[in-house]
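Reader: I am new to this one and would love a friendly tour. Could you show it to me before I start asking?

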Amino acid sequence: MTTIESPESRPAAAAVEHVDVLIVGAGISGIGAAYHLQQRRPGSSFVLLDALEARGGTWWTHKYPGVRSDSDLFTFGYGFKPWRGPSIASGEEILAYLDEVIEENDLAGKIRYRHRVIAASWSSEDHRWTVEVSREDTGEQLRFTTDFLWMCQGYYDHEQPYRPQWPGMDAFTGQIVHPQHWPEDLDTTGKRVVVIGSGATAATLVPALAEQAKHVTMLQRSPTFFIARPKVAELAAQLRALDVDPEWIHEIMRRASVTQGEEVMRMAKETPDVLREFLIDSMRPLLPEDFDIDKHFNPTYRPWQQRLAALPEGDLFTALREGTASVVTDTIETFTPTGIRLASGEELEADIIVTATGFDLSLFGNVAFTVDGEPVDFTQQVTYRGIMITGVPNMAYVFGYFRASWTLRADLVSEFVCRLLDRMDERGHRTVVPRLRPEDADMPLLPWSDPENFNPGYVMRSQHRMYKRGDREPWTHHKEYSEERAVLPTADLDDGLVYR
Ligand SMILES: Cc1cc2nc3c(=O)[nH]c(=O)nc-3n(C[C@H](O)[C@H](O)[C@H](O)COP(=O)(O)OP(=O)(O)OC[C@H]3O[C@@H](n4cnc5c(N)ncnc54)[C@H](O)[C@@H]3O)c2cc1C
């Protein structure tokens with residue numbers, strides 16, 4: 001239950017609030033965690049703290065033109081709430097869906113916005129965390145205590161996107177914009193826009209901007225695999241026309257999407273060349289006749305070694321066909337007062353340059369962790385199933401899939417955490433911590449992500465700051481949904497976890 005206490009040892013400024021579970025983040029993961037916790041453990045008190053001024057996380061931060069999912073919403077939506085819209089949804093549609101979850105489950109009163117978690121200190125003596133919070137609006141410093149800390153902070157810094165520096169940037173007389181901080185009043189009508197980047201964000205922005213701009217150039221250093229997908233899935237449309245119950249439709253579409261995703265993953269692993277050919281062949285008829293696919297859309301990496309980006313109705317290809325957008329694959333030599341000069345000598349004239357260059361990984365929302373007074377050096381710790389960290393008691397985190405919808409895993413992790421908390425209650429334990437077992441003494445500690453498996457720039461740039469993984473269960477992560485949906489619900493809670 002929630003209690004307010006005022007211990008003498010604490011600063012007098014504010015009372016300390018205690019909750020059984022403190023959730024950091026009110027994005028899709030944090031709201032999902034709150035839902036599961038409330039359903040499974042109605043007696044647990046909890047709050048969600050978020051540094052932003054509203055719910056949604058990623059979908060609140062990103063407000064650039066055309067912002068949308070690139071997963072289908074039957075799997076990017078929660079398992080517990082049917083999705084009724086088009087498979088690929090706009091940022092606004094996703095926010096509206098989250099609003100419904102909040103309203104239907106009476107979660108609004110549990111969320112505190114503009115509350116940034118700065119530090120979390122675990123005391124083994126007290127069996128609890130003390131959490132330092134800064135109010136973004138008033139500057140007030142608050143303190144919470146909690147028995148269990150549930151980190152739903154996402155995977156990148158919402159404040160500081162990745163912005164490479166190029167020579168001459170200061171000399172550019174036009175406007176430079178990052179998609180993570182899109183100016184509300186930016187008018188691109190009739191402007192020449194260069195979008196630097198080749199990922200999902202660039203691919204979303206280019207066709208959206210091309211509707212108003214004079215011309216949009218997608219400038220990429222190297223290509224990405226794209227696949228055109230219908231915005232509204234045919235099967236969902238058929239089921240709706242037959243007046244099938246929305247819950248059934250949701251479940252059928254989830255199964256269809258998961259099965260299709262698994263088939264693509266199987267091809268990526270077993271016959272990557274066949275998959276490459278399939279992807280290229282499916283792009284060809286959608287592109288202009290003389291388009292150099294090998295140069296612009298045939299990456300050197302294997303399909304799925306980096307994210308495969310979906311294009312609703314092939315919108316990027318349409319803009320290329322219609323000539324409102326073009327792709328340039330080259331390296332930036334320098335910005336100039338009027339645009340960008342490339343290594344090939346070509347000059348791109350621009351009024352606006354958008355740096356769709358992505359982000360860096362954020363380690364647990366930049367929260368400073370200490371355990372019994374010692375700062376936690378996460379680079380020396382090992383993940384437990386991609387849910388907890390060795391040496392860090394009573395803390396779980398949500399990290400979704402890269403190659404399937406994030407939320408499929410968020411739901412699985414939430415169920416796992418609730419099962420763990422139930423079990424601690426049943427056995428009267430107050431502390432749980434992952435600890436390597438005697439047989440793990442010589443286990444090699446491997447980098448957070450195996451570059452052979454998944455190696456996009458934001459992972460490679462930041463992995464030296466991340467925790468490690470082992471070479472055996474339960475010290476591995478980044479599994480596929482097909483495996484985890486069978487393993488996690490029945491995983492042995494005594495293996496690798498120590499209780500007190
Ligand atoms: C433009 C874009 C499109 C994407 N599309 C897809 C997609 O289609 N499918 C897919 O599977 N994935 C997609 N992703 C990945 C996406 O980020 C996740 O799928 C999902 O939205 C993450 O949800 P989350 O709640 O875990 O994290 P986030 O959405 O990042 O939310 C985390 C929240 O935690 C808060 N927070 C962090 N640190 C602190 C702190 N110290 N104190 C207080 N609050 C804190 C943040 O303010 C934020 O509100 C996309 C990402 C981007 C950027």
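Reader: Which element gives the most residues to the shell around the ligand?
Author: This is a predicted model, where local features need pLDDT of at least 70, side-chain atom pairs count only at pLDDT 80 or more, and totals for chains, interfaces and linings use all residues. Residues are numbered from 1 along each chain as its sequence is written. Elements are DSSP runs numbered from the N terminus: helices (H or I, at least four residues) and strands (E, at least two). H1 and strand S5 (115-123) each give two or more residues to the shell, and the element that gives the most, with 3 residues, is H1.

Reader: Which residues come nearest to the ligand?
Author: A residue counts as near if its C-beta atom, placed from the backbone, lies within 6 Å of the molecule. By class, the shell has 13 nonpolar, 17 polar and 3 charged residues; Ala, Val, Leu, Ile, Met, Phe, Trp, Tyr, Cys and Pro count as nonpolar, Asp, Glu, Lys and Arg as charged, and the others, Gly among them, as polar. Of the 33 residues around the ligand, those that come nearest are Gly25, Gly27, Gly57, Gly154 and Gly365.

Reader: At what angle do H1 and H11 pack?
Author: Two packed helices are described by the angle between their axes and the distance between the axes. Here axes are lines fitted to C-alpha atoms over the stretch in contact, and angles run from 0 to 180 degrees between N-to-C directions. Helix H1 (residues 28-40) and helix H11 (residues 406-427) have axes 9 Å apart, and their angle is about 35 degrees.

Reader: Is Ser44, in the loop between H1 and strand S3 (46-49), buried or exposed?
Author: A residue is buried if 20 or more other C-beta atoms, placed from the backbone, lie within 10 Å of its own, exposed if 12 or fewer, and partly exposed in between. Ser44 has 17 other C-beta atoms within 10 Å, so Ser44 is partly exposed.

Reader: Which residues does Ser44 touch, not counting those up to four places away in sequence?
Author: Contact requires C-beta atoms, placed from the backbone, within 7 Å. The C-alpha atoms of Ser44 and Val21 are separated by 7.1 Å, although these residues are 23 residues apart along the chain. The residues that Ser44 touches are Asp20, Val21 and Leu37.

Reader: And how much of the protein chain counts as buried?
Author: The secondary structure of the chain comes to 13 helices and 24 strands. Of its 500 residues, the share that counts as buried is 40%.

Note on methods:
Two residues are in contact if their C-beta atoms, placed from the backbone, lie within 7 Å.
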